[in-house]
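Reader: Please take a close look at one part for me: the packing of helices. I am in my first year, so explain each term as you go.

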Amino acid sequence: MNIVLLGPPGAGKGTLAALLKTELGVPHISTGDIFRSNIKNGTELGKKVQGILASGGLVPDEVTIEMVRGRLKEDDTLKGYILDGFPRTIAQAEALDTMDTIDAVINFVLDDEEVVKRLSGRRLAPSTGRIYHIVSNPPKKEGFDDETGEPLIQRDDDKPEAIRHRLEVYRNETAPLIGYYRNKGNIIDIDASPSPETVLSAVIAALRS
């Protein structure tokens, strides 16, 4: 089964993708992982992306599309895959249609205030990258990492004003995409506010029906 995940930042796409990957036995493919793999392996596309990212630019659609096209030709995708972070634009969605048939598009729905609450509560251990949440996954000692004891930080893009800006960008980018898949009739709206396990059950039930 070939699945695309859509949803605002903070909707838990990464967590759900990991659970779905285990449940369905297919790879979870994120554009970030594809970029890192190409850069690490020194491919021509990887060198191009590295240069673009180093200069602070946005990776053009055609480069992202070529990378995804290459990834979907790998053997582990024969039984299906979960795409996360692609497509982001109509051009990318149209290109994906030429590569494969998408069976379902899971659109995780979460209201803005819940997104802000989830993301603004995140805290990070700078040296290890370990992530905590002040409500759902607090450290043993408030404000400090459990392992290293270093002070935890809040990333700039997890501050409420930055989150609201990210939500605005997401809506502008993704609203046309949601409409595109709704017209195709293969989009499934899923409430992302309950626990990951509850959301996973809802996704599985929807895919089976």
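Author: What follows covers two helix pairs and one loop.

First, some ground rules. This is a predicted model, where local features need pLDDT of at least 70, side-chain atom pairs count only at pLDDT 80 or more, and totals for chains, interfaces and linings use all residues. Residues are numbered from 1 along each chain as its sequence is written, and side-chain values use heavy atoms, with hydrogens and water left out.

Two packed helices are described by the angle between their axes and the distance between the axes. Axes are lines fitted to C-alpha atoms, for helices over the stretch in contact, and angles run from 0 to 180 degrees between N-to-C directions. Helices (H or I, at least four residues) and strands (E, at least two) are DSSP runs, numbered from the N terminus.

Start with helix H4, residues 61–72, and helix H5, residues 90–99. They pack at an angle of about 30°, and their axes are 10 Å apart. H4 and H5 are therefore roughly parallel to each other. Angles under 35 degrees count as roughly parallel, over 145 as roughly antiparallel, 65 to 115 as roughly perpendicular, and the rest as oblique. The crossing of H4 and H5 is right-handed. A crossing is right-handed if the near helix is turned clockwise from the far one by less than a right angle, and left-handed if anticlockwise.

Who touches whom? Contact means heavy atoms within 4.5 Å. H4 supplies Asp61, Thr64, Ile65, Val68, Arg69 and Leu72, while H5 supplies Ala91, Gln92, Ala95, Leu96, Thr98 and Met99. By class, that contact has seven nonpolar, three polar and two charged residues. Ala, Val, Leu, Ile, Met, Phe, Trp, Tyr, Cys and Pro count as nonpolar; Asp, Glu, Lys and Arg as charged; the others, Gly among them, as polar.

Step back along the chain to the loop between strand E3 (81–84) and H5, where proline 87 lies. The peptide bond from phenylalanine 86 to proline 87 is cis, with omega near 0°. Most peptide bonds are trans.

Now the other pair. Helix H2 (residues 31–40) packs with helix H3 (residues 44–54) at about 110°, with axes 7 Å apart. H2 and H3 are therefore roughly perpendicular to each other. Their crossing is left-handed. Phe35, Asn38 and Ile39 of H2 meet Leu45, Gly46, Val49, Gln50 and Leu53 of H3. These residues divide into five nonpolar, three polar and no charged.
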